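Student: I have a structure here, and I would like to understand the reasoning behind the labels. Could we go through it together?
Tutor: Happily; let us open it and begin.

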Amino acid sequence: MTAAPEVPPRVAGRLSRLSFAEAATAAQLLVDEPLAWWNAATNAPVSDAAAVVVAALGRTADPDGALNALAEIAGTHEGRGLREALELLPELRARLLALLGVSVELANHLRVHPADWQVLLDDFDLTGAGRRIAASVGADVDDPVTGTGGTRATVRGLDAVYALRDAYRRELLAIAGRDLSGDLDLRVVTELLADLAGHTVQAGLAVALAEQPDDAAPCRLAVIAMGKTGSRELNYVSDVDVVFVAEPTDDADTDAALLTASRMAGEMMQVCRGAAWEIDPNLRPEGKDGALVRTLASHEAYYKRWASTWEFQALLKARPIAGDLALGEDYAHVIAPMIWTAAERPNFVADVRAMRRRVVDHIPKHIAARDIKLSHGGLRDVEFAVQLLQLVHGRADETLHVPETLPALDALRNGGYVGRDDAVSLIDAYRFLRATEHRLQLRRLRRTHVLPDDPETLEWVGRAMGYRPDHRGSSRAVFEAEWNLHVREVRRLHEKLFYRPLLEAVARVPSAELRLTPTEAGRRLEALGFNDPAGALRHIESLTQGLSRRAALQRTLLPVLLSELADVPDADAGLLAYRKLSDDLGSTPWYLRFLRDGDTVVSRLAYVLGTSRYAARMLGRAPDALRMLGSAEQLRPRESKEILSSMRETAERQDTPGTAVTAVRAVRRQELLRTAFADLLEVSDVRQVCAALSATTEATLEAALQVATRSVLDRRHLDELPIRFAVIAMGRLGGAEVGYSSDADVMFVHDSFDGEATGAADGELASNVARDIAGELRALLGAPSSSDLPLVVDADLRPEGRSGPLVRTLAAYERYYGRWSSPWEAQALLRARPVAGDAELGRLFVQMIDPVRYPIGGVSPADLLEIRRLKGRIDSERLPRGADPTTHTKLGRGGLADIEWTVQLLQLGHGAEVLELRTTRTLDALAAAAHADLIDGDQADVLDTAWRFATRVRNALMLVRDKPGDQLPDMGAELVAVARVLGYPRGTDPGQLIDDYRRAGRRARKVVEDVFYGS
């Protein structure tokens, strides 16, 4: 065989300008037979007709791929005549070349079945698909299978699968070619694809019947399409969602008939899986756990008693497509009334919110920005919006009873539920996104809705969508510009569609747009999760009434805010808190502008207000703290010294001790809010939260101590302090493990400046001054206030407790601990550290107590027995009556007390030898114990995890309830809110939190029994 002459390079050069990337190969193919459209000598097409074909090839999405496939097809026996047909028939040229440039998989089908190019001719009847599909397996379209009735297929087994696959691909080829050339509208395309799916399922039933034994129990079987197949808006590649309904015939036994129907359904699913796509029956009652096939009465009973709202949303699309269509219509007749009363069900609100959450919750982060179906501004946003409006308003308006998205949008527009311009924008965006999805799927005939991230493939997408370079750049740039425009528009309209009409229902401003009645607005608010829609409407009216700039800004902000509140645990409380905040700050020049211009401020604010009563109350008392939500940097925890500097600066400007400490407490309130924001928004982890709260408390004590000291000096007419005075932190403050509800556990120590004993008179003065300072400090910080919570300074851990002196000298402490100290007091001293006052005195105090808390030789047998006895009493007596010991974070099994006592026992026993154990922080001590092999590393990890978990739960309880608590709720809205604060995704069963906590507690308790009790 003689090799083809080499084509001159200049030919390749010219073809490269026609968009052929592999120009040399393209030149050879265009010059050689069977195409021969290019004259190498003249470097031009051989004729005007050839020039048209070559130019058309250059305009395809993939000119090189299209040309390669075309050359192979035209070179076959069945491809004879294709060259001339392309020159003469513009419709064929547009369809075939567009198809070859977009779909690699359908091009491969034509390579194997080259005669199938003829389905792209005008004389091919698309409406005959049902007859052709049936014929491929020897079924009779005029006598379709309706269960055990109808004509069986004559082709069986794998032969049937292969024949049906080829016939299906052939029909797909005919549709895709006309779609890509622009001959078919999107709605016609999706309807043809859905009908093709129905024909394929019907053929699959004929094959399934052929596999049944002759004595199979007779039955009627209907296949009900759900999802996009049911609504006749199917993609090129998609699972086909179905539900099966069966009935016995000829007085057959029901169970036997259902067995036959189940076998047929299963066989049909296998045939369709091999020929076209997966059949997904999991939308049936009880999902994967339910029977594959049910009778009509069983379906009816389930939907009346057990079905969730999302199942009725799915039923919006239900349509019989194969089998016994009369039985299918009976099913539709029974189900339809229940669909349109679903919105009146008690669980409607919770279920609708769950449906909305599913839009974005399960998108992997690495593809979220490129997912044109599930991401914000994607197809699901449009579909969800339409379906929810249908459910809410379709109860009283039968014109909304349509399954398909685009006709439903038309109906919503015609009914006044969606503005006309908005409906047009949504329809345009939906068409664009569906067309993009179709092209992505056609390329490899794979189910996908994620845009590629490489520029070369995105360029292909742009060309496949028909875009050409313009002032915006390449085809890729043009496509991306259009895509971003549509995504923004869908997202904007998604918000407007749900929320802005609510404003127009109550706002006293003229509107050319639709208006909802108060009743309709209330229903929509209820659907969004508001338990008191009437109250919510009053808040909206209060915020938006009038023609002021403030009201106008609120009308702009509220749609976004309501959108965000729909996803928080307590939308009603969130909106009320927002109204109060707006009442306080609405007249300030920065407030509404800050919300409007901040990228994430509204989202963060809605989450904070709708999740945390603690933060909402605090923000109401310190509204200026809202500015901290503007950036992550503002939420960075501040060091104690930095906080103290702010407190001193503001306190020094005040005239009286009361106003000075009020100023200190205001700074404290600001810092508590900063920490709460960072906690709620997952900027800080649990140790950072505890450290930040501890730093705030330390700074507050130091600043207030300075105020109290000046106050006492003034009252006693002293020029200088005659003593050294220090505040020793105990408990959680000592361990830098303060929570939102923690008191400040402290002891007070004083001494002379030289450490020497003083005379009786001087000693009495020193004691009185020290007592006055401690009392003044406690009074100033504990004074009730309407603007913030007091800081309770608790000195009950001092020697002799409440019966002992409030303040002692260093020597008095030393005498007491040397003579009277009990094991529990030595244990309590493990947390002791100086946090305010004279640093040198604090250092001396620590030096004095170290031998007590880190005894040489460790814990004596008697002390060990006493510690264990005391822990046993706490376990049995101090747990509140009715508390669940498996979920009580402080005293429950594996809770904080269990873990901390275990770690402290290790510190008491080994702190004298292992210096790393000499820390007041639980987790640091635990890590040191593991490093010293005093506890197994895995055991330490278990305790570390449980301590963090319990501490997070305690903090979350305070954030959610705005009151202290140690008991994890066992159900209800508070449990949902706590789960959200702990980072559980929206829609997660809150019972998962309880299960996780109990699991962590059980594991921790096992370690405690092994280590603390030594058994």
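Student: Why is Ser 19 called partly exposed?
Tutor: First, please keep in mind that this is a predicted model. The relative accessibility of Ser 19 is 36%, and "partly exposed" covers values between the buried limit of 20% and the exposed limit of 50%. Ser 19 therefore counts as partly exposed.

Student: What makes the phi of Ser 19 worth a remark?
Tutor: Its phi is positive, about 85°, although Ser 19 is not a glycine. Most residues other than glycine have a negative phi. As for its place, Ser 19 sits in the loop between α1 (9–16) and α2.

Student: Which other residue has a positive phi although it is not a glycine?
Tutor: Glu 286 has one, of about 70°. Glu 286 belongs to the loop between β5 (279–280) and β6 (293–294). With 46% relative accessibility, it stays under the exposed limit of over 50%, so Glu 286 counts as partly exposed.

Student: How do you know that the peptide bond between Glu 33 and Pro 34 is cis?
Tutor: Look at omega, which is about 10° for the bond joining Glu 33 and Pro 34; that bond is cis. Most peptide bonds are trans. Pro 34 is located in the loop between α2 (23–31) and β1 (38–39).

Student: What is the overall picture around these details?
Tutor: The protein has 42 helices and 12 strands. Its C-alpha atoms fill a box of roughly 125 × 75 × 70 Å along the principal axes. Of its 1015 residues, 56% are buried.

Student: What makes the contact of Glu 383 and Arg 380 a salt bridge?
Tutor: A side-chain nitrogen of Lys or Arg has to be within 4 Å of a carboxyl oxygen of Asp or Glu. Between Glu 383 and Arg 380 the N to O distance is 3.9 Å, so the pair passes the test. Both residues lie in helix α17 (residues 379–393), three residues apart, or about one turn of the helix.

Student: Is Glu 383 buried or exposed?
Tutor: Buried: its relative accessibility is 6%, and the limit is under 20%. Its partner Arg 380, at 27%, is partly exposed.

Student: How do you know that Arg 579 and Asp 583 form a salt bridge?
Tutor: Their closest N and O atoms are 3.9 Å apart, and the cut-off is 4 Å, so this pair counts too. Arg 579 and Asp 583 are four residues apart in helix α25 (residues 571–585), about one turn of the helix. Arg 579 is partly exposed, with a relative accessible area of 23%, and Asp 583 is partly exposed at 42%.

Student: Which parts of the chain does the salt bridge of Arg 732 and Glu 900 link?
Tutor: In this pair the side chains meet with an N to O distance of 2.9 Å. The bridge links distant parts of the chain, with Arg 732 in helix α32 (residues 731–734) and Glu 900 in helix α38 (residues 896–910), 168 residues apart. Arg 732, with a relative accessible area of 16%, is buried, and so is Glu 900, with 8%.

Student: What makes Glu 633, Arg 636, Arg 638, Glu 642, Glu 671 and Arg 674 one network?
Tutor: They are joined by salt bridges that share partners. The structure as a whole holds 63 salt bridges.

Student: Why is Cys 219 in no disulfide?
Tutor: A disulfide needs two cysteine sulfur atoms within 2.5 Å, and the count by this rule is zero. For Cys 219, the nearest cysteine sulfur belongs to Cys 272 and is 17 Å away, so the cut-off is not met. Cys 219 is also buried, with 2% relative accessibility. Cys 690 counts as buried as well, at 2%.

Student: Why is Asp 938 called exposed?
Tutor: Its relative accessibility is 58%, and exposed means over 50%, so Asp 938 qualifies. Asp 938 is part of helix α40 (residues 937–961).

Student: Which residues gather with Asp 938 in a patch of negative charge?
Tutor: Asp 933, Asp 936 and Asp 941 gather with Asp 938 in that patch on the surface. Asp counts as negative, so the patch is one of negative charge.

Conventions
Residues numbered from 1 in each chain as written. Predicted model: local features only at pLDDT ≥ 70, side-chain atom pairs only at ≥ 80, totals over all residues. Heavy atoms only, no water. Patch = residues over 30% accessible without salt bridge, like charges linked within 9 Å, V, L, I, M, F, W, Y side chains within 5 Å. Areas by Shrake-Rupley, 256 points an atom, 1.4 Å probe, with all protein chains shown as cover. Charge placed at Lys NZ, Arg CZ, Asp CG, Glu CD. Helix = DSSP H or I, 4+ residues; strand = E, 2+ residues; numbered from the N terminus. Buried < 20%, exposed > 50% of the residue type's maximum accessible area, 1.4 Å probe, protein only.
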